[in-house]
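Could you walk me through this structure, one selection at a time? I have it open in my viewer and would like to know what to click on next.

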Amino acid sequence: AAEMKNQVPVVQRGDILPTLVRVAKEDGTTEARFKCVAALTLLAESLENAVPLLEAGALCPLMDILHRAGPDPTQWKGQTASWCVGFLMNIAQADEAVPCLREAGVVELLAPLLTLDHYQSLKAAMAVTFVCRYDEGDETYDLLRKTENVIPKIISLLHNTLSGRGGNGYKYGVFTLRSSVGCISSLASGPDFMKERIATGPVFESLLRVLSDFCVDGGTDGAIVGGGRDDALSAT
């Protein structure tokens, strides 16, 4: 599941996904649940898997795990809850998933994480930005205001992913390039205060680098985080 080329075929097989969801839902004591949640999060990196994941019931058990873990990431035991936030960030990038996530209360679940000075606030802010990208009104504006302090981190994530910096998190693809580029795109369609924060020379340079890596002179080889000539979604 860690390799993107395997993610859609794994789901299409039909027998693996129900097992992952069942273990994530029923097994609260062993390492098996952690591994299944991690696998579901990786499968959600492929947008084609979003609807099958939702239809298989993957959302509810992962939201329940995160709810039970509580709003303070420093008190979380193990990495399972962290993977749940990653799952929400990944699946929220699929347009077809947004209405379901909104109705399920994903935004409200992640809201307490938005104002924290913590690694999880970055993933939560990206997920909320994706889920709210088509919303309008005062309530959404106030919510997006809470993500404002995380916007510089999203921008740094884009720069660092492109330059390969940031340690194992970038090397092994915790964040796909599509995640940061897509989030920048969502911010650009948001309120003016968001546009102002991302309308900078370095952001434009990084976005031009993505386009250049995709199409100039036949494009370049991509990395595990995506990019290059095969990553049409980031370029788009």
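Here is a short tour, from the whole chain down to single residues.

**Stop 1: the whole chain**

Before you zoom in, keep in mind that this is a predicted model. Show the chain as a cartoon and you will find 16 helices and zero strands. Turn the view around: the C-alpha trace spans about 50 × 40 × 30 Å along its principal axes. How does the radius of gyration fit a compact globule? For 236 residues such a globule would have a value near 18 Å, and the chain has 17 Å, so the two agree.

Now colour by accessibility, if your viewer allows. Buried residues make up 48% of the 236 residues in the chain. Contacts reach far along the sequence too: among those between residues at least 6 apart, 70% join residues at least 24 apart.

**Stop 2: α2 against α3**

Select residues 16-26, which form helix α2, and then residues 31-43, which form helix α3. The axes of α2 and α3 come within 8 Å and cross at roughly 130°. That angle makes α2 oblique to α3, and α2 passes α3 in a left-handed crossing.

Show the side chains next. From α2, Leu 17, Leu 20, Val 21, Val 23 and Ala 24 take part. They meet Ala 32, Arg 33, Cys 36, Val 37, Ala 39, Leu 40 and Leu 43 of α3. By class, this contact has eleven nonpolar, no polar and one charged residues.

**Stop 3: α3 against α6**

Keep α3 selected and add residues 80-91, which form helix α6. Which way does α3 run relative to α6? Their axes come within 8 Å and cross at roughly 20°; α3 and α6 are therefore roughly parallel to each other. This crossing is left-handed.

On the α3 side, pick out Arg 33, Phe 34, Val 37, Ala 38, Leu 40, Thr 41 and Leu 42. On the α6 side, the contact is made by Thr 80, Trp 83, Cys 84, Gly 86, Phe 87 and Asn 90. By class, α3 and α6 bring together eight nonpolar, four polar and one charged residues.

**Stop 4: Leu 109**

Move to helix α8, residues 106-110, and select Leu 109. Is Leu 109 buried or exposed? Its relative accessibility is 19%, and buried means under 20%, so Leu 109 counts as buried. Leaving aside neighbours within four places in sequence, Leu 109 is in contact with Met 63, Leu 66 and His 67. Try a distance label here: the C-alpha atoms of Leu 109 and Leu 66 are separated by 8.1 Å, although these residues are 43 apart along the chain.

**Stop 5: Ser 186**

Next, go to helix α13, residues 177-188, and highlight Ser 186. With 7% relative accessibility, Ser 186 counts as buried. Which residues does Ser 186 touch, not counting residues up to four places away in sequence? They are Thr 129, Phe 130 and Arg 133.

**Stop 6: Asp 217**

Finish in the loop between α15 (201-215) and α16 (232-235), where you will find Asp 217. At 78% relative accessibility, Asp 217 counts as exposed. Check the backbone as well: phi of Asp 217 is near 55°, a positive value in a residue other than glycine. Most residues other than glycine have a negative phi.

Methods. Residues numbered from 1 in each chain as written. Predicted model: local features only at pLDDT ≥ 70, side-chain atom pairs only at ≥ 80, totals over all residues. Heavy atoms only, no water. Axes fitted to C-alpha atoms, helices over the stretch in contact; angles between N-to-C directions. Helix = DSSP H or I, 4+ residues; strand = E, 2+ residues; numbered from the N terminus. Parallel < 35°, antiparallel > 145°, perpendicular 65-115°, else oblique. Left-handed = near helix turned anticlockwise from the far one by under 90°. Contact = heavy atoms within 4.5 Å. Nonpolar A, V, L, I, M, F, W, Y, C, P; charged D, E, K, R; others polar. Buried < 20%, exposed > 50% of the residue type's maximum accessible area, 1.4 Å probe, protein only. Rg over C-alpha atoms; globule rule 2.2 N^0.38 Å.
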